[in-house]
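Student: I would like to understand the terms used for a protein model, and how each value leads to its label. Could you take me through some of them?

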Amino acid sequence: MTTIKTITGSGSFDYAPVGRIHYTVRPTARRITARWHAGAVYMSLPPRLETSMLLSALGEMTPAILRRRPTEAFYNIGDVFDTGDIKITVNARREHNGRVVVRQLTAREFAVEVDHDIDFSDRNAVIAVSNALKHIARFVAPEILLPRARAIAEKIGRRPLAWDISRGLHTLGHCSSRGVIALSCVCVFLPVDLRDYIICHELAHLSEMNHSAAFHQICDRYCGGRERQLQARLRNFKFPIVK
C-alpha cells in the first residue's frame, strides 16, 4: 500500500498493532472514520487522500482505535440471556453435527442448541452462536420494540412519519430527515429503560437533527432528566453478541 500516492476505491492492509484494516474511499466522506467489525477495522476515507496522510492519521488514531476494540463475546453451555421480554438459553444436545440450531419454545423464549463438546475458544463457534442470537433478535424485534416506541411517542406527543427495524449493530437508532425512525433489532438485548432512552433520543431528532445543546435539552426532557445517566449506562452495556 505504501507505493500508492493517492488512495482510490477500496482495499485492505495490515497495520501493527491494530491488525487488518479494510478501507473504502467514499465521495461524500469529509473525514477519516474507523470502526471495528468481526475482528478487523473498517475505515471510510474522503476522496483525494494520499497514502502518507492516511498513515499519519492512523498513527494519531491508533490509541483510540485500540481503546474501542470490542471484547469478544464468549459463551458457555447453560448461559441464559433474559431481558424480561425475551429469554434465550444456550443448551447442549447429545448428537454431534457441528451445527447451531435455534428452537422457539414459547412466543418469547428460545433455545440455542450446540454440540455438547463445542469449543467456545474457537472463534467460528463464537460467531455461530452470536449469529443465532442475532437471528432471534431480528425475529422478535418488531413485536417487542415497535409497540413500545409508538406508546412513548404518543405519550410525549411526537409523530414520526414511520417506524422501522434495522439490522445495524453499531447504530442502535436512526432518524431520517423525512422523520422515519429505525431501531436496531439488537436493542431487544437492552434493559427496557435503555431501549426507552434510544427511542427518546431518536424522537428528539424530529426537532433537532444534530446533537446540539438544544437537542440534549429535548432528549433530557423526554428521558425525565436522566439522559446523561442513561447514556453512560448504554456506553458500558455489554451486548451478548459479536458486533
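Tutor: What follows is a set of questions about labels, each answered from a value and a definition. This is a predicted model, in which local features need pLDDT of at least 70 and side-chain atom pairs count only at pLDDT 80 or more, while totals for chains, interfaces and linings use all residues. Residues are numbered from 1 along each chain as its sequence is written, and side-chain values use heavy atoms, with hydrogens and water left out.

Student: What makes the contact between Asp85 and Arg195 a salt bridge?

Tutor: A salt bridge is a side-chain nitrogen of Lys or Arg within 4 Å of a carboxyl oxygen of Asp or Glu. For Asp85 and Arg195 the N to O distance is 2.7 Å, so the pair meets that definition. Asp85 lies in the loop between strand E5 (80–82) and strand E6 (87–93), and Arg195 in helix H3, so the salt bridge ties together parts that are 110 residues apart in sequence. Helices (H or I, at least four residues) and strands (E, at least two) are DSSP runs, numbered from the N terminus.

Student: Why is Arg195 called buried, and what is Asp85 called?

Tutor: Buried means under 20% relative accessible area, exposed means over 50%, and partly exposed lies in between, with a 1.4 Å probe and protein chains only. Arg195 has 7% relative accessibility and therefore counts as buried, whereas Asp85, with 23%, is partly exposed.

Student: How do you know that Arg226 and Asp193 form a salt bridge?

Tutor: Their side chains meet at 3.7 Å, N to O, which again satisfies the definition. Arg226 sits in the loop between H4 and helix H5 (227–236), and Asp193 in helix H3, 33 residues apart. Arg226 is partly exposed at 31% relative accessibility, and Asp193 is partly exposed at 23%.

Student: What makes Glu113 buried and Arg103 partly exposed?

Tutor: Glu113 has 15% relative accessibility, so this residue counts as buried, while Arg103, at 40%, counts as partly exposed. These two residues also form a salt bridge, with the closest N and O atoms 2.8 Å apart. Glu113 belongs to strand E8 (residues 109–115) and Arg103 to strand E7 (residues 101–106), 10 residues apart.

Student: How many salt bridges does the structure hold?

Tutor: The structure holds 9 salt bridges.

Student: What share of the protein counts as buried?

Tutor: Of its 243 residues, 42% count as buried.
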